[in-house]
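Visitor: Please show me the structure, and then help me read it piece by piece.

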Amino acid sequence: MWISWVLSLELNKDRDVERIHGSGINTLDIEPVEGRYMLSGGSDGVVILYDLENFSKKPCYTCKAVCSVGRSHPDVHRFSVETVQWYPHDTGMFTSSSFDKTLKIWDTNTLQPADIFNFEGTVYSHHMSPIATKHCLIAVGTKSPKVHLCDLKSGSCSHILQGHRQEVLAVSWSPRYEHVLATASADSRVKLWDVRRASGCLFTLDQHNGEKSKASSEAANTAHNGRVNGLCFTSDGLHLLTVGTDDRMRLWNSSTGENTLVNYGKVCNTSRKGIKFAISRGCNPEFAFVPYDSNIAVYTIYSGELITMLRGHYSTVDCCVFQSDFQELYSGSKDCTILAWVPALREPVPEEDNEKSLPLQSLNPAYEDAWSSSDDEG
């Protein structure tokens, strides 16, 4: 049912996201509880919280910024914010990390930091498990080759995972097993860890599936022939997608570490830092939405087919996030804008009317119900 929605994604000309950022947007996250509030983090250190709900009931509307940690805020990040993430279980807390070497835990209601973790180097990426019940660990990738695990309960960096040789550019917890973590590094390697084990590392992904390394003096496995700066699990956690500066995207079996050898063609990637791409949820087949210069490339994950290029930004796209309830996509760019991409839905056409053209923007009733609200609530 959902496949046609994603295939028909187009720029929503009726919905704007209020433009507040004065510099590029590096990271977006939509809270998983209601799917209503979105965070953005910018190169200027600013974090903004948006309400995606349409209070006006009008077809044309702007998603308003509810509040922000702006330049005048005493606890604003001093340098670029690279990752924002909602606490997975409620909207009362969110997290942000920055090139200013900090990870901050925010109280949403007061916009004050409940905790601040300091690191020796630039922070590229952090992630909280979407499913964990037995731990409250935030994985953090920094300029150090060590992966830091910060414990929300104790307020300390309780664990360190050692094995990478260069900075860790992306981290992601499995959505299937709460103790499994994937990390990607500038050393061309991707590692999967079980954080309960003393040795930690389950395996290091090998793009050659063991074939080349037998004959090679280079013993260590590499996932890409370049920096690996993005990774994302499929929604069921059975596979892992990685992107590298070798202009390749690879799909891995996350339980065996096997390279599935799906060919996505050239996936242009010149970013020197982490790249934030997204995977669809709730539709079949699954799709990957990957920043590609000033566009977003949409691939079918298991066949590798490039379905379409979403064009609308005027500069490099750095991040995108998928809203599964309405099968929508939001993207952030160096052009300081956030764009909303929505399915171009058409009403079912009676057979005799098939040849009559329909307006592209005929609205699905699901939208009207979900977004409607009384005017005085805003």
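Guide: Let's begin with pairing: two strands pair if DSSP finds at least two bridges between them, and helices (H or I, at least four residues) and strands (E, at least two) are DSSP runs, numbered from the N terminus. This is a predicted model, where local features need pLDDT of at least 70 and side-chain atom pairs count only at pLDDT 80 or more, while totals for chains, interfaces and linings use all residues. Residues are numbered from 1 along each chain as its sequence is written, and side-chain values use heavy atoms, with hydrogens and water left out.

Visitor: Which residue in strand 9 is the bridge partner of T95?

Guide: Here F94 lies in strand 8 (residues 93–98) and W106 in strand 9 (residues 102–107). Five bridges hold strand 8 and strand 9 in an antiparallel pairing. Across that pairing, T95 has as its bridge partner I105.

Visitor: Which residue takes a positive phi in the hairpin of strand 8 and strand 9?

Guide: Most residues other than glycine have a negative phi, and most peptide bonds are trans. In this hairpin, three residues sit between the strands. The one with a positive phi, near 75 degrees, is K101.

Visitor: On the strand 7 side, which residue in strand 8 is the bridge partner of V81?

Guide: Strand 7 and strand 8 run antiparallel and are joined by five bridges. They too form a hairpin, with six residues between them. Following V81 across to strand 8, you arrive at S98.

Visitor: How many residues of strand 8 are buried?

Guide: Buried means under 20% relative accessible area, exposed over 50%, and partly exposed in between (1.4 Å probe, protein chains only). On strand 8, M93, T95 and S97 point one way, while F94, S96 and S98 point the other way. Both sets are buried. The count for strand 8 is therefore six of six.

Visitor: What is the angle between the planes of F94 and W106?

Guide: Rings of Phe, Tyr and Trp (its six-membered ring) pair if their centres lie within 6.5 Å; planes under 30 degrees apart count as stacked, over 60 as edge-to-face and the rest as tilted. By this rule there are five aromatic pairs. F94 and W106 form one that is stacked, with 6.0 Å centre to centre and an angle between the planes of 15 degrees.

Visitor: How many residues apart in sequence are the parts that this pair ties together?

Guide: Both F94 and W106 are buried. Because F94 belongs to strand 8 and W106 to strand 9, the pair ties together parts whose separation in sequence is twelve residues.

Visitor: Which residue forms one aromatic cluster with F94 and W106?

Guide: You have met two members already, F94 and W106, which are stacked. The cluster they belong to also takes in W86.

Visitor: At what angle are the planes of F99 and Y124?

Guide: This pair links distant parts of the chain, 25 residues apart: F99 is in the loop between strand 8 and strand 9, and Y124 is in strand 11. F99 is partly exposed because its relative accessibility is 26%, whereas Y124 is buried at 7%. The ring centres lie 5.8 Å apart, and the pair is edge-to-face because its planes are at 80 degrees.

Visitor: Moving to strand 6, which residue there is the bridge partner of L49?

Guide: Strand 6 (residues 61–69) runs parallel to strand 2 (residues 15–17), with three bridges between them, and D16 stands opposite T62. With strand 5 (residues 47–51), strand 6 pairs in the antiparallel sense over five bridges. There, L49 has as its partner C67.

Visitor: What is the phi of N209?

Guide: Look in the loop between strand 18 (201–204) and helix 2 (211–215). N209 is partly exposed there because its relative accessible area is 31%. Its phi, positive in a residue other than glycine, is near 50 degrees.

Visitor: Is D247 buried or exposed?

Guide: D247 has a positive phi near 60 degrees. Its place is the loop between strand 20 (239–244) and strand 21 (248–253). Because its relative accessibility is 18%, D247 counts as buried.

Visitor: Which residue does a cis peptide bond join to N284?

Guide: Omega of this bond is about 0 degrees. The partner is found in the loop between strand 22 and strand 23 (287–292). The residue joined to N284 is P285.
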